[in-house]
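Open the structure in your viewer and keep the sequence panel beside it. At each stop, select the residues named and compare the view with the text.

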Amino acid sequence: MNVSPTLWLLTVVALCALVAVDFFIGRKPHDVSIREAGTWTIVWIVLACLFGLGLFAYGGARPTGEFFAGYITEKSLSVDNLFVFVLIMAKFAVPSQYQQRVLIVGVIVALVLRAGFIAAGAAIISAFSWVFYLFGAFLIWTAWKLIQDARKEEHEEEYRENKLLRMVENRFGVADRYHGTRLWIEQNGKRVMTPMLVVMLAIGSTDVLFALDSIPAIYGLTQDPYIVFTANAFALMGLRQLYFLIGGLLKKLVHLSYGLSIILGFIGVKLVLHALHESGVHVPEIGIPFSLGFIVLVLAVTTLTSLRASRQQQERAPAESV
């Protein structure tokens, strides 16, 4: 699409306003109920759908299909990321009433980081068409790694801090307990970080790793930076509510990694075919309608088989204990 600077500015302002509203709603520490999380999850999904309809009126069916394919893909990848968020919350023993504040700041950090990744990706793609081969190969490798990890059941039960986070902790020091929502305190005459700031940094830095597969994945569905950015933004902005809504259901999605590996592998093949086509090789290209239908079908089958497998496992557990 030919997106004017004015439309870019209006979109960014509108998204910032939505983030501000989300922050205002969750500014007071409290335990988030299932009803509250469910209501706001529906609100964010409806807003994404309305934006998609606006794209249809502005640019037609193609950008709308690209947006929804990208949005659904990023949303499904975000669900997998929630596994790690649960581990981070447990690792730092974040009180339940403060968890939404951590997630709000984490989402804001993620939006800023991903905006940078998206801009860099757009610049690289415009300068080097061969980068599609690289993106495609990386996604196929990531898909294979997801399958290997799922087979080995390598979902770790404990979060391990990365080197950057440990370095920051050693440099500034960390308080021995939470002090409400404060990020810095004076302790023994020294200004130190609170655990609240540490867990926010953990969430934000972890999203950098998540972006390494999500950004190439969505560029495999659309090369329009506007659609890439808005699809990521809408997928991330409902992440906080989704965490509280399906947090207890995450362990039941036992086949999610397999579904995501199929989707990433499919997009990787799509990217390679697109790169070959751009190089003058006559190969079939995969259209957006087929891509959108394929992604929705894989997620639906994955969810159904996961719930069935979880139910069968629960039914076997009492019998084995007897």
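Start by selecting Glu 66 and Arg 62, whose side chains form a salt bridge with the closest N and O atoms 3.3 Å apart. The model is a predicted one. Side chains of opposite charge can pair when their charged atoms come close. Show helix α3, residues 61–91, as a ribbon: Glu 66 and Arg 62 are 4 residues apart in this helix, so about one helical turn separates them. Now turn on the surface. Which of the two counts as exposed, and which as buried? Glu 66 is buried, with a relative accessible area of 9%, because buried means under 20%. Arg 62 has 58% relative accessibility and counts as exposed, since the cut-off for exposed is over 50%.

Stay with charged side chains and select Glu 74 and Arg 114. These two also meet in a salt bridge, at 3.3 Å from N to O. Glu 74 lies in helix α3 and Arg 114 in helix α4, so this pair ties together parts that are 40 residues apart in sequence. Both Glu 74 and Arg 114 are buried. How many salt bridges does the model hold by the rule used here? The count comes to 2.

Next, look at the loop between α3 and α4 and select Ala 93, which lies there. Most residues other than glycine have a negative phi, and most peptide bonds are trans. Ala 93 is not a glycine, yet its phi is positive, at about 45°. With the surface on, Ala 93 counts as exposed, at 54% relative accessibility.

Now hide the side chains and select two helices at a time. Two packed helices are described by the angle between their axes and the distance between the axes. Begin with α1, residues 5–25, and α4: the two pack at an angle of about 165°, with axes 10 Å apart. That angle makes α1 roughly antiparallel to α4, because angles over 145 degrees count as roughly antiparallel. The crossing of α1 past α4 is left-handed.

For the second pair, select helix α7, residues 195–219, and helix α8, residues 225–237. They pack at an angle of about 135°, and their axes are 11 Å apart. This makes α7 oblique to α8. The crossing of these helices, α7 and α8, is right-handed.

The next stops concern residues that are far along the chain from a partner. Use the distance tool between C-alpha atoms.

- Select Phe 23, found in helix α1. Phe 23 counts as partly exposed, at 33% relative accessibility. Its C-alpha is 9.6 Å from that of Ile 108, although 85 residues separate the two in sequence.
- Select Val 208 in helix α7. Val 208 is partly exposed, with a relative accessibility of 28%. The C-alpha atoms of Val 208 and Ala 110 are separated by 7.6 Å, and the two residues are 98 apart along the chain.
- Select Leu 139 in helix α5. At 0% relative accessibility, Leu 139 is buried. Leu 139 and Phe 266 are 127 residues apart in sequence and 8.7 Å apart in space, C-alpha to C-alpha.
- Select Lys 163, which belongs to helix α6, residues 163–172. Lys 163 is exposed, with a relative accessible area of 68%. Its partner for the distance tool is Val 32: the C-alpha atoms are 32 Å apart, and the residues are 131 apart in sequence.

For the last stop, show the surface again and select Ile 124, Phe 128, Trp 130, Tyr 133 and Leu 134. What do these residues form on the surface? They make up a nonpolar patch, with about 490 Å² of accessible area together. Within this group, find Trp 130 in the loop between α4, residues 99–127, and α5, residues 131–152.

Conventions: Residues numbered from 1 in each chain as written. Predicted model: local features only at pLDDT ≥ 70, side-chain atom pairs only at ≥ 80, totals over all residues. Heavy atoms only, no water. Buried < 20%, exposed > 50% of the residue type's maximum accessible area, 1.4 Å probe, protein only. Patch = residues over 30% accessible without salt bridge, like charges linked within 9 Å, V, L, I, M, F, W, Y side chains within 5 Å. Areas by Shrake-Rupley, 256 points an atom, 1.4 Å probe, with all protein chains shown as cover. Salt bridge = Lys/Arg side-chain N within 4 Å of Asp/Glu carboxyl O. Axes fitted to C-alpha atoms, helices over the stretch in contact; angles between N-to-C directions. Parallel < 35°, antiparallel > 145°, perpendicular 65-115°, else oblique. Left-handed = near helix turned anticlockwise from the far one by under 90°.
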